[in-house]
Amino acid sequence: MQRKPPADRFQAQREAAKRAALNALKRAKRAADKAGVTLSEWEGEFLQSVGERVKTHGRAFADPEKGAPGQALSAMQGRKLKEIAKKAKGEGTKRR
């Protein structure tokens, strides 16, 4: 078995992260539509703009300090995506 050069492995990881992020965005949107949950204007715009940036650039953030190098979404974008998905499923947000 021949090993891939490191550049190919990192490229494969970036592509996998890109696909995962796009699928998560689609699932959140589809879940909200299916459940009949109305997303706010901001949430709809967030899902659309993040999806476009991931498709175009491979990731949705420019500052490398905001997320891991191989990830498509920053930490805060991932958190907001999870909140939108919970809202679509009808689960409430946890208050501290």
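At 51% relative accessibility, Asp 33 counts as exposed, because the cut-off for that class is over 50%. The model in which Asp 33 sits is predicted, and the values below are computed from it.

**Salt bridge within H1**

The partner of Asp 33 is Lys 29, and the closest N and O atoms of this salt bridge are 3.5 Å apart. Both residues belong to helix H1, which covers residues 6-35. Four residues separate Lys 29 from Asp 33, about one turn of the helix. Lys 29 has a relative accessibility of 41% and therefore counts as partly exposed.

**Salt bridge between H2 and H3**

The structure holds three salt bridges. One of them joins the side chains of Lys 87 and Glu 43, with 2.8 Å from N to O. Lys 87 is part of helix H3 (residues 75-89) and Glu 43 is part of helix H2 (residues 41-57), so this pair ties together parts that lie 44 residues apart in sequence. Glu 43 counts as buried, because its relative accessibility is 13% and the limit for buried is under 20%. Lys 87, at 31% relative accessibility, is partly exposed.

**Salt bridge within H3**

Lys 80 and Glu 83 also meet through their side chains in a salt bridge, at 3.3 Å from N to O. These two residues are three residues apart in helix H3, which means that about one helical turn separates them. Lys 80 is partly exposed, with a relative accessible area of 29%. Glu 83 is likewise partly exposed, at 32%.

The N to O distances of the salt bridges are set out here.

| Salt bridge | N to O distance |
|---|---|
| Lys 29 and Asp 33 | 3.5 Å |
| Lys 87 and Glu 43 | 2.8 Å |
| Lys 80 and Glu 83 | 3.3 Å |

**Positive surface patch**

Lys 26, Arg 27, Arg 30, Lys 55 and Lys 89 form a positive patch on the surface. Helix H1 gives the most to this patch, with three residues. Arg 27, one of the patch residues, lies in helix H1. The relative accessible area of Arg 27 is 48%, so Arg 27 is classed as partly exposed. Patch residues must have over 30% relative accessible area and no salt bridge, so Arg 27 at 48% passes the area cut-off.

**Fold and buried positions**

The protein has three helices and zero strands. Read from the N terminus, its elements run α-α-α. Of its 96 residues, 25% count as buried. Val 50 is placed in helix H2. With a relative accessible area of 1%, Val 50 is buried, because the class requires a value under 20%. The C-alpha atom of Val 50 is separated by 8.3 Å from that of Leu 25, a residue 25 positions away along the chain.

**Confidence**

The average pLDDT of the protein is 86, and 90% of the residues score at least 70. Confidence is lowest in H1, where the mean is 89, and highest in H2, where the mean is 92. Where pLDDT is low, the predicted coordinates should not be read in detail.

Key:
Residues are numbered from 1 along each chain as its sequence is written. This is a predicted model: local features need pLDDT of at least 70, side-chain atom pairs count only at pLDDT 80 or more; totals for chains, interfaces and linings use all residues. Side-chain values use heavy atoms; hydrogens and water are left out. A salt bridge is a side-chain nitrogen of Lys or Arg within 4 Å of a carboxyl oxygen of Asp or Glu. Buried means under 20% relative accessible area, exposed over 50%, partly exposed in between (1.4 Å probe, protein chains only). Patches are made of residues with over 30% relative accessible area and no salt bridge: like charges are joined within 9 Å, nonpolar side chains (Val, Leu, Ile, Met, Phe, Trp, Tyr) within 5 Å. Accessible areas come from the Shrake-Rupley method with a 1.4 Å probe; for residues, only the protein chains shown count as cover. Lys and Arg count as positive and Asp and Glu as negative; His and the chain ends are not counted. The place of a charge is taken as NZ of Lys, CZ of Arg, CG of Asp or CD of Glu. pLDDT is the predictor's confidence in each residue, from 0 to 100.
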